[in-house]
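Trainee: Please take one part of this model and go through it closely. I would like the helix that follows the opening strand, what it packs against, and how the rest of the chain is arranged around it.

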Amino acid sequence: MHEFEELEQIGLVLRHGESSVLPVLKKRLKEITGPETLFFHRKMANDQIGVFIAVRHEDLPAVRRLLGGEGVA
């Protein structure tokens, strides 16, 4: 990713027991947006998982459709 490209950021919190969605979500994001999307996750309090996604502005609508279709957002 070029450092001057406009990036959009999405943050999610997954509930305990939803961690199985992480590899699937990461794979689908890569299929839709290519390798330039940033995807990080970290265990938080109460066994929740914080997820941070940074995508190019032009990829944001497709990512939102994916998240909505998966019932994540």
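Mentor: Start with the outward side of α1, where P23, K27 and K30 are exposed. This is a predicted model, and what follows is computed from its atoms.

The opposite side of the helix is the one to look at next. The buried residues of α1 are L22, L25, L29 and T33. Viewed along the helix axis, these buried residues fall within an arc of 65°, so they line one face of α1. The general reason for such spacing is that an α-helix has 3.6 residues a turn, so residues three or four places apart point the same way. The length of the helix can be checked as well: at 1.5 Å a residue, the 13 residues of α1 should span 18 Å, and the end C-alpha atoms are 18 Å apart, which agrees. Just after α1 comes G34, with a positive phi of about 90°.

Before the surroundings, a word on the chain. It has two helices and three strands, in the order β-α-β-β-α along the sequence. Of its 73 residues, 30% count as buried. Among contacts between residues at least 6 apart in sequence, 63% join residues at least 24 apart.

Now the packing. The buried residues of α1 pack against β1, β2 (38–43), β3 and α2. L29 can serve as the example: leaving out residues up to four places away in sequence, L29 touches G34, F39, I53, V63 and L66. L29 also belongs to the largest nonpolar core, which has 15 residues. The residues with the most contacts inside this core are I10, L12, L25, L29, F39, V51 and I53. At least two core residues come from each of β1 (7–14), α1 (21–33), β3 (49–56) and α2 (60–69).

The second helix, α2, can be read in the manner used for α1. Its buried residues are L60, V63, L66 and L67. These cover an arc of only 120° around the axis, which puts them on the same side of α2. The face of α2 turned away from that buried side carries the exposed residues R65 and G69. The elements covering the buried residues of α2 include β1, α1 and β3, and V63 and L66 are among the residues that L29 touches.

On the strand side, β1 has two faces. E8, I10, L12 and L14 form the covered face of β1, while L7, Q9, G11 and V13 form the uncovered one. The general background is that in a regular strand the side chains alternate between the two faces of the sheet. I10 and L12, from the covered face, are among the core residues with the most contacts. β1 pairs with β3 in the antiparallel sense, over eight bridges. One of the residues on the uncovered face of β1 is V13, and its bridge partner in β3 is G50.

The strands also hold the one aromatic pair that a search of the whole structure finds. F40 and F52 are stacked, at 6.4 Å centre to centre with 25° between the planes. This pair links distant parts of the chain, since F40 is in strand β2 and F52 in strand β3, 12 residues apart. F40 is partly exposed at 48% relative accessibility, and F52 is partly exposed with a relative accessible area of 33%.

Two loops complete the picture. The loop between β1 and α1 contains S19, which counts as partly exposed at 38% relative accessibility. S19 and I49 are 30 residues apart in sequence, with their C-alpha atoms 7.2 Å apart in space.

The loop between β2 and β3 contains N46 and D47. As background, most residues other than glycine have a negative phi. N46 has a phi near 60°, a positive value in a residue other than glycine. D47 has a positive phi of about 60° although it is not a glycine. N46 is exposed at 68% relative accessibility, whereas D47 is partly exposed with a relative accessible area of 34%.

To return to the helix you asked about: L22, L25, L29 and T33 are the buried residues of α1, and β1, β2, β3 and α2 are what they pack against.

Technical notes
Residues numbered from 1 in each chain as written. Predicted model: local features only at pLDDT ≥ 70, side-chain atom pairs only at ≥ 80, totals over all residues. Heavy atoms only, no water. Core = buried A, V, L, I, M, F, W, Y, C linked by side-chain atoms within 4.5 Å. Buried < 20%, exposed > 50% of the residue type's maximum accessible area, 1.4 Å probe, protein only. Helix = DSSP H or I, 4+ residues; strand = E, 2+ residues; numbered from the N terminus. Contact = heavy atoms within 4.5 Å. Arc of directions from axis to C-beta. Pairing = 2+ DSSP bridges. Expected span 1.5 Å × (residues − 1). Phe/Tyr/Trp six-rings, centres within 6.5 Å; stacked < 30°, edge-to-face > 60°.
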